[in-house]
Amino acid sequence: MDVVSDAISAVRVGRPSSERVRVGGRWCARFDPYDGAGFHVVLRGGCWLLPDGGEPVVLGAGDAVLLPHGTGHVIADAPADAATVARAVPFDRWADGSLPRPPRTAGHGREVEMVCGKYRLDRSHVHPLLAELPPLVHLPARADGDPGLRGAIALLAGELEEQRPGASLALPSLLDLLFVYMVRSWTAESTDGTWPAALGDRVAAAALRALHADPAAPWTVDRLAAEAGVSRPTLARRFTALVGRPPMAYLAWWRLTRAAALLRDTGDPLAAVARRVGYGSPYALSHAFRREFGMTPGRYRAGPGVSPSASASGS
């Protein structure tokens, strides 16, 4: 596994939900804040997105937008003033048919077709890479944009248009793929984020790849430095400066985060979970887990989970 895959796998739960929207005329729809991540992909036409507390964003055909922290927002056919936004129709009532959608008005240049949806996320142990994402990630369609993202959008559009056999399996998988490509595109294009810098650094990236590939290995700073091809002091200095934690502190946090995800997603006994994340015994894992999460692994597995006592950013 790599950092981006692991960061997403640690928080993603269930299947994403989505709704294909075809609408025209004058319209304005409201998305309330959500304890997950929202997304929109414009397949045809264009619209405006107005995030709560943020600047409006114009969306065109082929654009994708991710709201990784579930920010409330409005989408509309045109810029909207405060009074119009206040009267926005709840999108969920559109989706369930409680309210009719505005008719498409051919020839008036206001038609739009898009996919709107949400990813369910467990934020009790979010990876700092995802925590660092801005409230809104706009990925406009560009000839020089990420070809993987463009391909995922094209596949999604084709699957929705043709409704071929197997669509009930293909669509959730394509939406998961879309999430990966949106996060990956942000890490590749961001110029001011801590984690894009870490993933772009040869030394830090090599160490992160090694830790995520085998978190249960008996890592030491010396062994990790050899893996990255640098001296121990160089690794410690660069890793800590870019990641925000020393290598072994990051590894300890990641092992516990991985353990929490395994407790949530599998029925593996505690001894098996301990082995998979690098602890010599269930007792050792339980002691560390309680110190980090404020509860025993058994209680965590039985309940909804809580935020770690130490945040993923190292504070």
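**Sheets, helices and a few well-placed residues**

Setting aside neighbours within four places in sequence, arginine 301 touches Leu262, Leu263, Thr266, Gly267 and Asp268. This is a predicted model, and arginine 301 sits in helix 14, which covers residues 297-302. With a relative accessible area of 31%, arginine 301 is partly exposed, because buried would need a value under 20% and exposed one over 50%. A look further afield gives a sense of scale: arginine 301 and glutamate 113 are 188 residues apart in sequence, and their C-alpha atoms are 41 Å apart in space.

Leucine 99 can be described in the same way. It is found in the loop that runs between helix 3 (91-95) and strand 9 (112-120). Its relative accessibility is 25%, so leucine 99 also goes down as partly exposed. Once neighbours within four places in sequence are left aside, the contacts of leucine 99 are Val89, Pro90, Arg93 and Trp94. Proline 269, on the other hand, is 170 residues away from leucine 99 in sequence and 48 Å away in space, going from C-alpha to C-alpha.

Next come the sheets. In general, the strands of a sheet pair through backbone hydrogen bonds, and they can do this either parallel or antiparallel. One open sheet here has five strands in the order 5-4-7-2-8, with mixed pairing. Strand 5 (57-59) and strand 8 (89-90) take the edges of this sheet; each has a single partner strand, so one side of each has no neighbour in the sheet.

What does the pairing look like inside this mixed sheet? Strand 2 (residues 28-31) and strand 8 run parallel and are joined by two bridges. Within that pair, alanine 29 has valine 89 of strand 8 as its bridge partner. Strand 4, by contrast, pairs with strand 5 in the antiparallel sense, over three bridges. Here leucine 49 is matched with valine 57 of strand 5. The hairpin made by strand 4 and strand 5 has five residues between the strands, and glycine 53 in this hairpin takes a positive phi near 75°. Strand 4 also runs antiparallel to strand 7 (residues 73-76), and four bridges hold that pairing. On this side, leucine 50 has valine 74 of strand 7 as its bridge partner. As for its surroundings, strand 4 (residues 47-51) has four of its five residues buried, so the rest of the structure largely encloses it.

Another open sheet is also built from five strands, this time in the order 1-9-3-6-10 and with antiparallel pairing. Its edges are strand 1 (17-23) and strand 10 (137-139), and each of these pairs on one side only. On average, neighbouring strands in this sheet are turned by 15° against each other, if direction is ignored. Strand 6 (residues 64-67) pairs with strand 10 over three bridges in the antiparallel sense. In this pairing, leucine 66 stands opposite valine 137 of strand 10.

The helices bring their own packing. How do helix 8 and helix 10 lie relative to each other? Helix 8 (residues 202-213) packs against helix 10 (residues 232-243) at an angle of about 85°, and the two axes are 9 Å apart. Helix 8 and helix 10 are therefore roughly perpendicular. On the helix 8 side, the contact is made by Arg202, Val203, Ala204, Ala207, Leu208 and Leu211, while helix 10 contributes Leu235, Arg238, Phe239, Leu242 and Val243. Sorted by class, this contact has nine nonpolar residues, two charged ones and no polar ones.

Helix 8 also holds histidine 212. Is this histidine 212 buried or partly exposed? At 3% relative accessibility, histidine 212 counts as buried. Its side chain is joined to that of tyrosine 250 by a polar contact of 2.6 Å.

Finally, there is helix 12, which spans residues 270-277 and has Ala272, Val273, Ala274 and Val277 as its buried residues. These buried residues pack against helix 11 (247-265) and helix 13 (282-293). Just past the end of helix 12 comes glycine 278, which takes a positive phi of about 95°.

Notes: Residues are numbered from 1 along each chain as its sequence is written. This is a predicted model: local features need pLDDT of at least 70, side-chain atom pairs count only at pLDDT 80 or more; totals for chains, interfaces and linings use all residues. Side-chain values use heavy atoms; hydrogens and water are left out. Axes are lines fitted to C-alpha atoms, for helices over the stretch in contact, and angles run from 0 to 180 degrees between N-to-C directions. Angles under 35 degrees count as roughly parallel, over 145 as roughly antiparallel, 65 to 115 as roughly perpendicular and the rest as oblique. Contact means heavy atoms within 4.5 Å. Ala, Val, Leu, Ile, Met, Phe, Trp, Tyr, Cys and Pro count as nonpolar, Asp, Glu, Lys and Arg as charged, and the others, Gly among them, as polar. Buried means under 20% relative accessible area, exposed over 50%, partly exposed in between (1.4 Å probe, protein chains only). A polar contact is a pair of N or O atoms within 3.5 Å; within protein, one must be able to donate a hydrogen and the other to accept it, and residues adjacent in sequence count only if both atoms are side-chain atoms. Two strands pair if DSSP finds at least two bridges between them.
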